[in-house]
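Here's a walk through one protein model with a ligand in it. We'll start inside a sheet, strand by strand, and finish at the ligand.

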Amino acid sequence: MTLAARISGVGRYVPERVMTNEELEATVETSSEWIVERTGIRERRIAAPHETTSSMGTEAARRALASAGITGAEIDLVITGTCTPDGLFPATASAIQNAIGATHAGAFDVNAACVGFLSGLATGAQFIATGSAERVLVVGAETLSRIVDWTDRGTCVLFGDGAGAVVLERAVPGEPGSIDSLLLRSDGSQAGLLYSHGPCSPLVDGLQQEAKIIMDGRAVFRQAVTMMCDSATEVIARAGLTVDDIALAVPHQANMRIITAMSDRLGLPMDRVYVNVDRYGNTSSATIPIALAEAEAEGRLKPGDRVLFASFGGGLSWGAMVIEWAGVGSRRLVAASAARSAGA
Ligand code: COA
């Protein structure tokens, strides 16, 4: 099943404030060496007090629109993958839709924890494939620092804030750019391994439970490797490809050891796996679009490349996707410049 949708723009935004491992040494009983050895993380970004998931998502969205060469008014739908929305409602996507001037667009959020961006991308691609939309903006944005328990060394070293975004648009027959296969899965029986309460969670002794990340790291680690590898293997096969056809994997950036385990098990060398977990930690829904935007900026993608996405997170949930890279720049612009050259 190939979906005729292509990524035509990418953008990312991370807050200015860098929090190093050394800073965490001062607040919890840990060491930078332990964090680097067990996770690969050296630093993460922390949102400024005035920043929100929608403000960071908006900045990433503006950059994705600029990379596609289009305006917000040309977007039909804004989907935001997030588990740290600005509020319970309205949707964070509506704030982004307004800020970018997407005056003809629908907007909604997708919460699938760290699989939020992939779930949004899968949804957006299907809106395009069915003909309901021509251009969809898919954002992954998180302000996890506001739900991290800064006294829990088992979790506070792992997470960070940031946002990434892509413009998805209709693919052109005969040109590179497609969603070749996708898979989304969930096992809600394992919800207790990684979760956060919210304002509508059951009251305990009449009291609201604080929103903070609670995780059994060891159990999540074990599941993560299996989920990433199994789903990646399945989407590669469903696309009629082999691992050798994958030019670049852009996996969820949670832990360097999970990424290298995936690389080993798939037989996909690390020079074809994009990594930036050292600089940002785990930004949940934002990891894949941030990494994709950086990979594009570094010239690691060329039209026709097959790119693998794989992710896992709370739910438990997991998923993977193979796309054919189209190169950035909206096809509408390509058509306009072709018409100009033909006229010249
Ligand atoms: N600094 C120092 N020691 C720490 C620590 C820290 N930040 N966090 C945990 N430890 C300790 C533990 O308390 C434990 O001590 P003990 O043996 O005295 O009980 C020891 O280190 C080993 O703990 P363990 O949980 O087995 O370590 P680990 O190698 O599994 O690494 C994680 C812990 C959290 C880094 C790892 O399990 C992990 O990354 N899991 C996946 C988490 C994840 O990706 N979540 C997001 C999913 S989207």
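Alanine 249 has leucine 308, in E12, as its bridge partner. One residue earlier, leucine 248 is bridged to valine 307, again in E12. This is a predicted model, by the way, so read every distance and area here as computed from predicted coordinates.

Zoom out a little from those pairs. E11 and E12 run parallel, joined over five bridges. On the other flank, E12 pairs with E13 in the antiparallel sense, this time over eight bridges. Leucine 308 turns up here too, with valine 322 as its bridge partner in E13. So how do E8 and E13 run relative to each other, parallel or antiparallel? They're antiparallel, with eight bridges joining them, and leucine 184 stands opposite glycine 319 of E13.

Put the pairings together and you get an open sheet of four strands in the order E8-E13-E12-E11, with mixed pairing. Strand E8 (178-186) and strand E11 (246-251) form the edges, each pairing on one side only. Ignoring direction, neighbouring strands of this sheet are turned by 10 degrees against each other on average.

The hairpin of E12 and E13 has three residues between the strands. If you're checking backbone torsions, look at glycine 315 in that hairpin: its phi is positive, near 150 degrees.

How well covered are these strands? For strand E13 (residues 317-324), eight of its eight residues are buried. In a regular strand, side chains alternate between the two faces of the sheet. Both faces of E13 are covered: Ser317, Gly319, Met321 and Ile323 are buried on one side, and Trp318, Ala320, Val322 and Glu324 are buried on the other. E11 is mostly covered as well, with five of its six residues buried.

Now a quick stop in a helix. Serine 32 lies in helix H2. Why does serine 32 count as buried? Because its relative accessible area is 9%, and the cut-off for buried is under 20%. The serine 32 side chain also makes a polar contact, at 3.2 Å, with the side chain of glutamate 22.

On to the ligand. There are 23 residues around it, and Thr30, Arg38, Gly217, Arg218 and Asn255 come nearest. Here are some of the distances between polar atoms:

| Ligand atom | Protein partner | Distance |
|---|---|---|
| nitrogen | N or O atom in the side chain of threonine 30 | 2.6 Å |
| nitrogen | polar backbone atom of glycine 217 | 2.9 Å |
| oxygen | N or O atom in the side chain of arginine 257 | 3.1 Å |

Taken alone, the ligand exposes 950 Å², and the protein buries 75% of that. Which elements give two or more residues to the shell around the ligand? They are helix H2 (32-39), helix H6 (153-156), helix H7 (217-238), helix H8 (256-266) and strand E12 (306-313). H7 gives the most, with four residues. E12 thus appears twice in this story, in the shell and in the four-strand sheet.

By residue type, the shell around the ligand divides into 10 nonpolar, eight polar and five charged residues.

Technical notes:
Residues numbered from 1 in each chain as written. Predicted model: local features only at pLDDT ≥ 70, side-chain atom pairs only at ≥ 80, totals over all residues. Heavy atoms only, no water. Near = heavy atom within 4 Å. Polar contact = N/O pair within 3.5 Å; in protein donor to acceptor, adjacent residues only side chain to side chain. Areas by Shrake-Rupley, 256 points an atom, 1.4 Å probe, with all protein chains shown as cover. Nonpolar A, V, L, I, M, F, W, Y, C, P; charged D, E, K, R; others polar. Pairing = 2+ DSSP bridges. Axes fitted to C-alpha atoms, helices over the stretch in contact; angles between N-to-C directions. Buried < 20%, exposed > 50% of the residue type's maximum accessible area, 1.4 Å probe, protein only.
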